[in-house]
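Here is a walk through selected parts of one protein model. Please keep the sequence and the 3D view open while reading.

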Amino acid sequence: MEKRYNGNKYVYFFGGGKADGNESMKNLLGGKGANLAEMAGHPKLRLPVPPGFTITTEVCTYFYDNKKRYPKELKAQAEAALEKMEKLMGKKFGDEKNPLLVSIRSGARRSMPGMMETVLNVGLNEKTIKGIIAQSGDERFAYDAYRRLIMMYADVVMEKGGNIEVKNGKGIRKILDEKLEHIKNSKGYKSDTELTAEELKELVKDYKKTVKKVLGTEFPDDPFEQMWGGVGAVFASWNGKRAIEYRRIEKIPNEWGTAVNVQAMVFGNMGDDCCTGVAFTRNPGNGENQFYGEYLVNAQGEDVVAGIRTPAPVNEYSKNAQSEHFTALEKLMPELYKELYTIQRRLEKHYKDMQDIEFTIEKGKLYMLQCRVGKRNGIAAVQMATDMYKEKLIDAKTAVMRVGPNQLVELLLPMLDPKAELIAPIIAKGLPAGPGGAKGRVVFTSAGAVEWASRGEKVILVREETSPEDVDGMHKAQAILTTKGGMTSHAALVARGWGKCCIVGCSDIEIHTETKNFHAKNGVVVKEGDWISLNGTRGQVYEGSMALVDIDIDKNQSYKDLMKLVDKTKQIGVRANCETPGDAITAVKFGAEGIGLFRTEHMFYGEGSEQPLFLLRKMIVSKTEEERRDALNSLFIYVKKDVKDTLTVMNGYPVTIRLLDPPLHEFVPHDKEKLKQLSKELGISMGMLNRRVLALHENNPMLGHRGVRLGISYPEITEMQVRAIFEAAAELNKEGKKAFPEIMVPVTVIAHELRHQKEIVDRVYKEVCEKMGVKKIPYLYGTMIETPRAALRAEFMANVADFFSFGTNDLTQMSFGFSRDDIGGFLPKYLDLKILPDDPFQTIDQEGIGQLIKVGTERGRITKPKLKVGICGEHGGDPESVKFCHRIGMDYVSCSPYRVPIARLAAAQAALESPRK
Ligand code: PEP
Ligand code: MG
């Protein structure tokens with residue numbers, strides 16, 4: 001673990017136009033702390049930020065390294081900062097007459113929405129409450145703040161922070177909440193705001209008694225004890241269950257730690273001339289350059305994010321179906337709105353990126369409580385990057401770096417079939433928080449989603465609202481549907497971060513947890529397990545399972561603009577793995593510059609494969625070369641057509657055609673009818689045929705009779721395939737098209753294998769040239785490097801090969817010794833326990849497999865400095881792996897057609913991060 005603790009400065013002050021820290025200090029101050037410092041202290045900003053101080057992330061590390069103790073300097077530093085706050089605010093912490101209250105919030109390097117704890121109104125007690133009543137002139141408000149403090153403190157600091165086990169599944173927050181509900185019910189109140197000062201006063205008394213009774217200790221009335229308790233609880237929440245879970249999903253290292261921000265409280269809930277809100281400098285849902293946000297009158301910040309009340313729009317633009325009848329802030333408080341509007345423009349200009357801001361208005365004064373780079377979905381990310389580039393806010397490099405390669409998936413995401421949508425009745429409408437289409441079976445709990453998904457079911461998580469406890473289920477679900485909350489609610493925020501289809505605030509449906517169903521306004525009842533379909537781009541819910549269709553990417557102008565910049569930047573090629581002309585068309589549409597892997601055996605699977613498969617089987621169970629040649633001759637026309645169809649689509653682009661690879665046993669027939677037909681065709685008895693089939697059995701087929709070994713045992717198979725390739729290419733060239741086949745030999749281990757096959761290739765090449773009357777058929781001869789030995793002996797392999805293509809699926813399988821078909825049994829545990837950081841079949845294990853790839857490339861190029869090198873394993877579409885391939889000097893990557901744009905963007909980013917000469 002990284003240890004620093006140098007400098008002994010643990011507290012960074014901000015406020016009054018000054019700040020000890022700044023935006024560049026995220027590692028030390030956390031995102032929130034660094035940005036508060038920047039907003040408060042940067043000479044170009046100096047925004048109205050309530051003063052406060054940040055306790056550094058180093059203290060969190062120290063706390064965990066030293067049995068939850070603090071560095072000795074911390075207390076004095078914090079108290080000095082508190083004094084400064086007091087001076088600026090003209091109030092005193094713990095003072096009876098004019099008390100200062102503070103909030104205590106977490107803030108890690110990267111935002112972890114709602115995963116850690118917050119305590120508000122710290123400093124309130126039986127004495128200071130008098131001062132608050134005097135300050136605010138509002139007894140009701142003061143007691144409301146007090147009961148909120150007791151509830152939060154008891155939950156966060158005393159119960160969770162104190163590791164107190166919850167009895168009967170009912171935590172202190174729930175117990176206290178029920179007391180509040182009880183009063184509301186008995187008085188017939190609908191909202192919390194109807195409670196009188198007297199009732200709240202009684203409630204506070206009751207809360208205190210209950211806390212003592214349930215948790216065994218008194219709620220502390222000493223303000224300093226409250227503050228340090230709050231600080232400790234925030235540090236403790238870094239290692240809370242849900243924070244750990246979130247870090248695992250988001251790959252945030254445990255050792256980063258969180259900072260703690262102690263800040264003067266300002267109140268958005270001091271009456272109807274107060275409010276609090278969350279806003280974005282551009283629309284995070286679609287990327288439009290429009291100020292977009294929500295606010296709640298007479299509320300605390302948490303109320304907006306919790307999605308308990310439907311928030312109002314900050315302006316006309318932010319109105320939606322749920323909020324159109326609310327008054328926009330720009331109407332309610334036009335002057336303050338103008339101030340907020342100007343600040344958000346300044347912030348975006350300063351940070352040169354879309355900002356997510358939190359603000360509070362307390363009795364006619366605007367305060368900025370937070371700003372950070374706003375999360376956005378893929379569609380918005382692309383739109384904003386290209387817009388900001390056009391506005392000259394950012395340069396081309398920044399635009400290319402602004403979009404996460406995986407975010408592009410959302411632009412390519414399937415959507416509900418528009419034709420089906422046209423005729424299907426919409427059962428409910430909500431807010432479009434996460435675009436794309438999704439279908440799945442309804443589940444009502446996060447645990448349910450996890451459980452159903454583990455059985456391979458596609459589920460949609462339907463909840464009133466989500467909380468950080470739900471992240472696992474949200475992650476496993478195809479989509480999320482909530483009945484409450486706005487575009488800034490937890491569900492919307494999290495879904496946006498993941499690029500998941502999501503609809504929030506769908507008040508047209510009512511969930512009945514007891515009967516496990518929901519009722520839509522139009523009378524439709526949907527039970528747990530029933531299928532529904534969501535259009536997350538429009539916020540529409542449908543009954544049943546609707547077809548999903550692909551999006552026409554060419555209609556998205558900002559995508560096209562971005563990809564133009566990408567292609568100008570990237571320094572390696574991107575090809576696709578394709579087996580059919582249809583795949584090839586898709587690949588070209590997505591920008592593939594060739595096919596990096598055409599698996600010939602694909603023609604024996606799926607539609608139209610019946611006859612070629614029969615002939616292949618006939619060949620497999622043949623005994624003599626003559627029998628085999630007979631079957632191969634019949635198969636030839638199918639192979640030639642298959643190859644020619646794809647070469648035709650790829651006109652002018654290279655196509656790497658791999659010779660037959662899978663173990664023959666994969667094709668052995670088991671069906672009695674098929675066996676009978678075969679025995680008849682071969683003129684042998686069923687008994688004899690069965691013996692031949694049995695003889696093909698292998699114990700470890702993936703390490704058995706496969707790849708080049710087939711071509712060595714049966715040279716006539718290679719001969720037939722090569723002839724088909726050359727004839728197809730020669731015919732196309734004669735027709736005025738351009739065919740560039742690259743013949744690739746799989747699963748090689750030694751150069752002699754390549755030599756053996758090359759003799760066949762050379763001979764057939766001559767024969768075809770003669771037969772077709774052509775002088776030349778352009779082609780390359782190369783090999784996959786997918787065994788460790790081939791990588792280590794690459795110098796020799798390159799003597800015979802014009803190109804290498806790293807087959808990292810097999811290379812990973814053979815180097816780890818992990819069967820790629822059986823990892824499900826143990827890999828999840830490896831990942832859980834962090835024995836392996838990632839699934840090596842998804843992203844290249846750079847320290848191990850990466851070494852083999854690097855060595856293989858370098859050694860191959862000792863023999864042939866211009867040796868063409870690519871990759872065609874699944875990793876070719878993984879951004880980190882693409883970047884690795886760029887760095888080690890590969891010529892191209894090849895991946896599935898749908899990942900081509902992702903690989904292109906990753907390649908461009910790699911070129912910016914580590915440019916090649
Ligand atoms: C590989 O092994 O990486 C590869 C691309 O081949 P296959 O997945 O067909 O074995
Ligand atoms: Mg392979």
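The paragraphs below take up a metal site, a pair of packed helices, a covered helix and a single leucine.

The model is predicted, and every description here should be read with that in mind. Begin at the magnesium ion, ligand 2. Its coordination comes from Glu786, through OE, and from Asp810, through OD, at 2.0 to 2.2 Å. These two residues lie 24 residues apart and link distant parts of the chain. Glu786 sits in the loop between strand E31 (780-785) and helix H29 (788-792), whereas Asp810 belongs to helix H31 (residues 808-816). Both Glu786 and Asp810 are buried.

Next, turn to helix H22 (residues 610-620) and helix H24 (residues 672-682). Their axes are 10 Å apart, and the helices pack at an angle of about 60°. An angle between 35 and 65 degrees counts as oblique, and H22 and H24 are therefore oblique to each other. The crossing of H22 and H24 is right-handed. On the H22 side, the contact is made by Glu610, Phe614, Arg617 and Lys618; H24 contributes Lys674, Gln677, Leu678, Glu681 and Leu682. By character, the residues in this contact of H22 with H24 comprise 5 charged, 3 nonpolar and 1 polar. The spacing of such positions can be read against a general rule. An α-helix has 3.6 residues a turn, so residues three or four places apart point the same way.

Helix H34 (residues 879-887) is a mostly covered element, with 7 of its 9 residues buried. Those buried residues are Pro879, Ser881, Val882, Lys883, Phe884, Cys885 and His886. Which elements cover the buried residues of H34? Among them are two helices, H33 (849-863) and H35 (900-913), and two strands, E33 (868-871) and E34 (892-895). After H34 comes Gly889, which has a positive phi, near 90°.

The last stop is Leu340, located in helix H12 (residues 334-351). Is Leu340 buried or exposed? The relative accessible area of Leu340 is 0%, and a residue counts as buried under 20%, so Leu340 is buried. Apart from neighbours within four places in sequence, Leu340 is in contact with Phe291, Leu329, Ile357, Phe359, Leu366 and Met368. For a sense of distance, compare Leu340 with Gly505, which is 165 residues away along the chain: their C-alpha atoms are separated by 26 Å.

Notes
Residues are numbered from 1 along each chain as its sequence is written. Chains are lettered from A and ligands numbered from 1 in the order in which they are written. This is a predicted model: local features need pLDDT of at least 70, side-chain atom pairs count only at pLDDT 80 or more; totals for chains, interfaces and linings use all residues. Side-chain values use heavy atoms; hydrogens and water are left out. Donors are N, O and S atoms within 2.8 Å of the metal (3.2 Å for Na, K and Ca); water is not among the atoms, so sites may look incomplete. Helices (H or I, at least four residues) and strands (E, at least two) are DSSP runs, numbered from the N terminus. Buried means under 20% relative accessible area, exposed over 50%, partly exposed in between (1.4 Å probe, protein chains only). Axes are lines fitted to C-alpha atoms, for helices over the stretch in contact, and angles run from 0 to 180 degrees between N-to-C directions. Angles under 35 degrees count as roughly parallel, over 145 as roughly antiparallel, 65 to 115 as roughly perpendicular and the rest as oblique. A crossing is left-handed if the near helix is turned anticlockwise from the far one by less than a right angle, and right-handed if clockwise. Contact means heavy atoms within 4.5 Å. Ala, Val, Leu, Ile, Met, Phe, Trp, Tyr, Cys and Pro count as nonpolar, Asp, Glu, Lys and Arg as charged, and the others, Gly among them, as polar.
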